[in-house]
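Notebook open, viewer open. I'm jotting down what I look up as I go.

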Amino acid sequence: MIDSSFHKSNRRKLSKVLDGGIIVLSAHGLMQSSNDGTFKFKQEPNFWWLTGINQPGWMLIIDGSTNREWLVKPNISDVDLIFNGGLASDIASQISGVADAIERSNLGDLLTELAVKSDCVYTIHMPEEFSHSEVYVNPAIGDLAKLLQLHFSNVKDCQPDLVKLRAIKQPVEIAALKDSIDLTVRAFEHIKPLLSSFDYEYQIEAEFSYFFRKNGAVGHAYEPIVASGNNACTLHYEANNDRLIKGQMVLLDIGALSGMYGADISRTYALGDVSNRQKQIHNAVTGAHRQIVGLLKPGLNVADYHRQVDEIMTQVVEELGLGNGIDACRKYFPHAISHGLGLDTHDALGRPECFLPGMVLTVEPGIYIPSEGIGVRIEDDILITDTSHINLSADLSIDL
Ligand SMILES: [Mn+2]
């Protein structure tokens with residue numbers, strides 16, 4: 001079970017790799033949706049990993065030179081407290097194992113005090129992938145960096161160090177992931193025999209949502225994809241509104257979030273009888289999936305892995321008569337084969353040279369042929385072990 005000892009030991013690990021430096025991190029803030037509405041709160045994963053606190057507005061300060069730690073309480077008005085509740089300091093201390101919690105109004109004084117010892121502080125910088133996009137990042141992270149610049153001349157990013165630590169999953173994290181994966185497997189097994197009773201994609205989505213919540217999960221780890229027929233060729237199809245038509249296939253990319261670690265599983269099923277061509281494509285993808293999962297072991301060079309995946313998928317594309325060579329492969333298999341899985345659905349692995357024991361990643365080959373209205377993806381969640389790998393979602397059949 002994940003408790004304060006997990007978060008405490010994570011803080012110690014970070015402190016060690018940062019050589020006893022000063023670390024100041026912020027929780028995410030609550031975000032406006034429109035008018036006085038807010039989006040459902042989603043914690044900054046590094047902050048949760050280090051504190052276990054799943055509430056907005058808190059901060060964590062670590063002085064690695066003395067091993068002193070503080071939580072900083074958010075400014076919550078009495079009115080907010082009545083409407084939204086909050087987290088009492090003693091409970092926050094219990095969850096995180098950080099004994100001291102200071103008021104937000106005392107933060108400036110503490111930072112001034114710490115800055116006397118060192119002109120360098122570690123925090124998290126804005127993720128680079130968003131620096132040139134239209135996506136607004138949660139402002140809590142950047143606001144903190146700006147505040148720190150007033151006190152410290154050298155504000156460093158410890159995200160790369162956190163990514164490396166978080167990439168190697170600990171046994172309690174693997175157990176938490178397994179809970180979400182097992183629930184997702186049960187949901188797929190429950191729903192597959194019911195497919196003929198549904199008329200619309202959203203009814204399949206609703207059955208998954210019902211199953212997850214009824215069994216105590218938070219809900220979906222990400223927006224579920226229920227893509228029948230040609231919709232499966234839109235990689236991030238999330239409308240899930242179309243009518244289900246007999247003779248088509250339906251691609252389901254769905255993961256439960258039970259606790260903080262979510263699953264990510266894809267299967268493609270037949271709606272009634274499907275053509276030999278559909279079966280042939282499904283068969284080709286499941287064959288590639290088995291081969292690719294079989295490659296995974298500790299020490300496998302990541303570039304070699306991608307080279308072998310390219311070979312396997314190019315052969316699949318050629319055997320299906322879709323074209324030759326790597327360009328045809330990219331055309332019909334246009335997404336990445338794998339990504340890390342953990343607190344984030346696309347959990348960073350820190351661009352490792354080789355796979356290491358404790359890493360959890362997806363394997364998700366797919367073939368998408370818009371001209372034939374066919375899309376197939378098969379995705380499992382794989383743990384790299386000391387000697388080989390374990391397919392954490394292997395209990396769920398990959399059959400059509
Ligand atoms: Mn995935």
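Before counting any strand pairs, I fix the criterion: two strands pair if DSSP finds at least two bridges between them. I also keep in mind that this is a predicted model.

**Entry 1: β1, β2 and β3**

I started with strand β1 (residues 22-26) and β2, which are antiparallel and joined by five bridges. I picked one pair to look at: Ile 23 has Ile 62 of β2 as its bridge partner.

Next I checked the link from β2 to strand β3 (residues 68-72), and found five bridges, again running antiparallel. Here Leu 60 is bridged to Leu 71 in β3. The two strands make a hairpin with four residues between them, and Asn 67 in that turn has a positive phi of about 60°.

Why is strand β2 (residues 59-63) largely enclosed by the rest of the structure? I went through the strand and found that five of its five residues are buried, so the enclosure follows. My cut-off for buried is 20 or more other C-beta atoms within 10 Å of the residue's own. Neither face is left uncovered: Met 59, Ile 61 and Asp 63 are buried on one side, Leu 60 and Ile 62 on the other.

**Entry 2: the nonpolar core**

Which residues touch the most other members of the largest nonpolar core? I got Leu 60 and Ile 367, in a core of 94 residues. Helix α8 (residues 171-191) gives the largest share of this core, seven residues. I also noted that domain 1 (4-166) and domain 2 (168-391) each supply at least three residues to this core. As a reminder to myself, nonpolar side chains tend to be buried together in soluble globular proteins.

I listed the neighbours of Ile 367, leaving out residues up to four places away in sequence: Ile 281, Ala 284, Val 285, Val 316, Leu 320, Tyr 332, Phe 333 and Val 376.

**Entry 3: a three-stranded sheet and α8**

I then traced an open sheet of three strands, ordered β7-β10-β11 and paired antiparallel. Its edge strands are β7 (219-220) and β11 (261-262), each pairing on one side only. Between strand β10 (residues 256-258) and β11 I found two bridges in the antiparallel sense, and Leu 257 has Gly 262 in β11 as its bridge partner.

Helix α8 turned up again here: α8 lies across β10 and β11, at about 135° to β10.

**Entry 4: the two domains**

The domain assignment gives domain 1 (4-166) and domain 2 (168-391). I get 34 Å between their C-alpha centres. How many residues are in contact across the two domains? Eight from domain 1 meet seven from domain 2. On the side of domain 1 that touches domain 2, the elements giving two or more residues are α2 (45-51) and α7 (159-167). The largest share there, four residues, comes from α7.

**Entry 5: whole-chain numbers**

I tallied twelve helices and 17 strands for the protein. The radius of gyration is 23 Å, close to the 21 Å that the globule rule gives for 400 residues, so the protein is as compact as a globular protein of that length. The C-alpha trace spans about 70 × 45 × 40 Å along its principal axes. I logged 39% of the 400 residues as buried. Finally, among contacts with a separation of 6 or more, 69% involve residues 24 or more positions apart.

Terms used:
Residues are numbered from 1 along each chain as its sequence is written. This is a predicted model: local features need pLDDT of at least 70, side-chain atom pairs count only at pLDDT 80 or more; totals for chains, interfaces and linings use all residues. A residue is buried if 20 or more other C-beta atoms lie within 10 Å of its own, exposed if 12 or fewer, and partly exposed in between; C-beta atoms are placed from the backbone. The radius of gyration is taken over C-alpha atoms; the globule rule is 2.2 Å times the number of residues to the power 0.38. A nonpolar core is a set of buried Ala, Val, Leu, Ile, Met, Phe, Trp, Tyr and Cys residues joined through C-beta atoms within 7 Å. Domain bounds come from an automatic or database domain assignment. Axes are lines fitted to C-alpha atoms, for helices over the stretch in contact, and angles run from 0 to 180 degrees between N-to-C directions.
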